[in-house]
There are 4 protein chains.
Amino acid sequence: MFTINISPRFGDIDGLGHVNNTVLAAWFELARNPIFRIFMPELTLSHDKWPLIMAHTDYDFIDQLFFRYDVEIRSYISRIGSKSFTVYHEAWQQGRLCAKGSAVLVCYDFIKNQTVEIAQDKKNLLSKHLLPQDASKI
Amino acid sequence: MFTINISPRFGDIDGLGHVNNTVLAAWFELARNPIFRIFMPELTLSHDKWPLIMAHTDYDFIDQLFFRYDVEIRSYISRIGSKSFTVYHEAWQQGRLCAKGSAVLVCYDFIKNQTVEIAQDKKNLLSKHLLPQDASKI
Amino acid sequence: MFTINISPRFGDIDGLGHVNNTVLAAWFELARNPIFRIFMPELTLSHDKWPLIMAHTDYDFIDQLFFRYDVEIRSYISRIGSKSFTVYHEAWQQGRLCAKGSAVLVCYDFIKNQTVEIAQDKKNLLSKHLLPQDASKI
Amino acid sequence: MFTINISPRFGDIDGLGHVNNTVLAAWFELARNPIFRIFMPELTLSHDKWPLIMAHTDYDFIDQLFFRYDVEIRSYISRIGSKSFTVYHEAWQQGRLCAKGSAVLVCYDFIKNQTVEIAQDKKNLLSKHLLPQDASKI
């Protein structure tokens, strides 16, 4: 599991007093930084070096997220395929699971414009953060 | 179908030269304004008036979206339930379907904190924008 | 003058019911697209082609911007120097000037990491959009 | 001085490999949370409770901010007036001052729609975070 703590920003709150749904997309992306570092430790953003492309994201909004409390984002690897893997995220505030979601990332060669196999050493590193069985019941 | 045209912004483009995945969340939300107006014509954001809450969103990233061309967002109603409905969105650029996704909105009473039935007149208005059968094959 | 029309997005509205101050930064940046095109018609974002770097921005928040009405962004060139120029922006809603601001852009060679002179033909194109004298009294 | 540490997000980086200028607006706003708490400890966002309105912000972009390193935002109070005060922010990365800026906040009664005096106890709390003289030479 990877965890980060986030303080909501004044502008993250929408007209009904809750964190706007689009903000979760940004928070979950931020939570993927340690996963990005498995593939590119220096986080170098160039076509010849960056090895991942986004294929899919989804978000379930379960409970209201407020301005005044910090939010903990917990991230797990929920699937490791041959060329892609899935990250599962949860947003917790004051002991409440408020949102969850997932992201499918594909290993990609931006020069050749084609998908590539995930190297075995990367699979090993990802597998250290697998979602535990009981968590999948949430 | 509802359509809006969007010009990408310099900062919407990420370090690999494409529209960042989180930007689609904002664009699809903007495309829901005419749907919001079905339920609240004045777009009044207050707990006693705003009647919708977000339950789920998902996004499929199909092709790269670039800075230089406008993007057309096409939105349809893909499901009308008793208390919730689903909006289906597509992002097109230069004749290419680059992203698609959906959003599940629930009719909600923010004062009583409970879900409510969709009124029949709202169902009728939503049904005028139903996703055609052939579009579902995309 | 360059003008664009923007529909506020649900999430642009903050917890007090107005467009959040950070949103103006994005709207004014979007309004600079035609100015960017003077320097790079294809809007190509690469170090060997993109010729501008941001030095300064400022924003004055004059009146409240609401969700329900479109916003018109009017942009002018308010200064043309030897290596930099200033863009002046206004955000109007329902006949009210709600925000104004400016951005200082510097001509820059990202390969050599140094500022460069503005070419005369670019100066001529910029000068067609100069802020009129009477507008400066606002 | 108030300080927060921020990890840049993948999507904060623009097409030229640097943190987009609009992101600084969000980071500096986040850095104002402890200042907001001086005026509203529970960060309650409602018209009858929230006591501040934004009048002005400005940003100077001094050096490039990259994806791979954390950013420290340092915030000070640089002016305390009768009804408004100014916050001064700096963004540091790897020992480099990369951006600075300020925000003018006005004490405001959102029910009566009028400015109000800053209470003396709030002035005392703000004055504990005054910008030191030598910092103003930066």
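## Chain A and its elements

Helices (H or I, at least four residues) and strands (E, at least two) are DSSP runs, numbered from the N terminus. On this basis, the secondary structure of chain A comprises three helices and six strands. Read from the N terminus, its elements follow the order β-α-α-β-β-β-β-β-α. The radius of gyration of chain A, taken over C-alpha atoms, is 16 Å, close to the 14 Å that the globule rule gives for 138 residues, so chain A is as compact as a globular protein of that length. The globule rule is 2.2 Å times the number of residues to the power 0.38. The C-alpha trace of chain A spans about 45 × 35 × 20 Å along its principal axes.

This is a predicted model, in which local features need pLDDT of at least 70 and side-chain atom pairs count only at pLDDT 80 or more, while totals for chains, interfaces and linings use all residues. Residues are numbered from 1 along each chain as its sequence is written, and chains are lettered from A and ligands numbered from 1 in the order in which they are written.

## Symmetry of the two copies

A turn of 180 degrees, with a shift of 0.0 Å along the axis, lays chain B on chain A with an RMSD of 0.0 Å. The superposition is by least squares on the C-alpha atoms of residues with pLDDT of at least 70 in both copies. The two copies are therefore related as by a two-fold rotation axis. In chain B, the C-alpha nearest this axis belongs to Asp58(B), at 2.0 Å.

## The contact between the chains

Two residues are in contact if their C-beta atoms, placed from the backbone, lie within 7 Å. Chain A and chain B each bring 19 residues to the contact. On the side of chain B that touches chain A, S2(B) gives the most, with eight residues. That side divides into 10 nonpolar, six polar and three charged residues; Ala, Val, Leu, Ile, Met, Phe, Trp, Tyr, Cys and Pro count as nonpolar, Asp, Glu, Lys and Arg as charged, and the others, Gly among them, as polar.

## Paired helices and strands

Helix H1 (residues 21-31) of chain A packs against helix H1 (residues 21-31) of chain B at an angle of about 175 degrees, with their axes 9 Å apart. H1(A) is thus roughly antiparallel to H1(B), a term for angles over 145 degrees. Axes are lines fitted to C-alpha atoms, for helices over the stretch in contact, and angles run from 0 to 180 degrees between N-to-C directions.

Strand S2 (residues 52-61) of chain A and S2(B) run antiparallel and are joined by five bridges; strands pair if DSSP finds at least two bridges between them. Tyr59(A) stands opposite Thr57(B) in S2(B).

Key: Parallel < 35°, antiparallel > 145°, perpendicular 65-115°, else oblique.
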